[in-house]
Amino acid sequence: MSLLADHVVQLAYDPGISPKGGGLPGLSVLKNVVNSINLFGIIAVVGALSVSLAVWAWGHHTGGHQAEANGKKGATVAAGAAIGLGAANGLVAFFSNLGSQVH
């Protein structure tokens, strides 16, 4: 019984699992799909930013305070989305490395 308890305690500390590339077939296809989704997201953000800036300018020049506020919000959200899409890979890598340092 003590041997089993020692083994369970060892598993609790280090199960021996870490990310490894090439373990499953189709990994390169999945990376291409995710890259394409990211590209489509960035293209959509460019469109959203353009529309939001146009609404902001239109609201400002016509005195439409609600349209101006909505344009500002849209531009802010689009800018945040652009930051998130651009930094997604780096953020995941950073927090994955940070998580791998936990013992």
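Colleague: Which helices each supply at least two residues of the lining of the largest pocket?

Modeller: To read a pocket, start with the elements that line it. In this predicted model, the helices are H2 and H3 (65-100), and each supplies at least two residues of the lining.

Colleague: Which helix gives the most to that lining?

Modeller: That is H2, with six residues. The whole lining has 13 residues, and the pocket's volume is about 530 Å³.

Colleague: Which residues lie nearest the centre of the pocket?

Modeller: Look for Lys-31, Val-34, Asn-35, Asn-89 and Val-92. Val-34 is a good one to follow further, and you will find it in helix H2, which spans residues 27-62.

Colleague: Is Val-34 buried, partly exposed or exposed?

Modeller: Here you compare relative accessibility with two cut-offs: buried is under 20%, exposed is over 50%, and partly exposed lies in between. Val-34 has 46% relative accessibility, so this residue counts as partly exposed.

Colleague: Which residues form a nonpolar patch on the surface with Val-34?

Modeller: Its partners in the patch are Leu-27, Val-29, Leu-30, Val-33 and Ile-37. Together with Val-34 they have about 520 Å² of accessible area.

Colleague: Now for the database record. Which residues does the "transmembrane region" annotation cover?

Modeller: Treat a record as a label to set beside the model. The unreviewed UniProt entry gives that annotation to residues 37-58 and 78-98. In the model, residues 37-58 are 100% helix and 0% strand, with end C-alpha atoms 31 Å apart. Residues 78-98 are also 100% helix and 0% strand, and their end C-alpha atoms are 28 Å apart.

Notes
Residues are numbered from 1 along each chain as its sequence is written. This is a predicted model: local features need pLDDT of at least 70, side-chain atom pairs count only at pLDDT 80 or more; totals for chains, interfaces and linings use all residues. Side-chain values use heavy atoms; hydrogens and water are left out. Patches are made of residues with over 30% relative accessible area and no salt bridge: like charges are joined within 9 Å, nonpolar side chains (Val, Leu, Ile, Met, Phe, Trp, Tyr) within 5 Å. Accessible areas come from the Shrake-Rupley method with a 1.4 Å probe; for residues, only the protein chains shown count as cover. A salt bridge is a side-chain nitrogen of Lys or Arg within 4 Å of a carboxyl oxygen of Asp or Glu. Helices (H or I, at least four residues) and strands (E, at least two) are DSSP runs, numbered from the N terminus. Buried means under 20% relative accessible area, exposed over 50%, partly exposed in between (1.4 Å probe, protein chains only). UniProt positions are given in the numbering used here, feature names are shortened, and annotations may be inferred rather than shown by experiment. On a 1 Å grid over the protein atoms alone, a cavity is a set of points where a 1.4 Å probe fits but cannot get out, and a pocket is an open set with protein on both sides within 12 Å along at least five of seven lines; lining residues have an atom within 4 Å of a point. Grid points are joined across faces, edges and corners, and a volume is the space filled by probe spheres set on the points.
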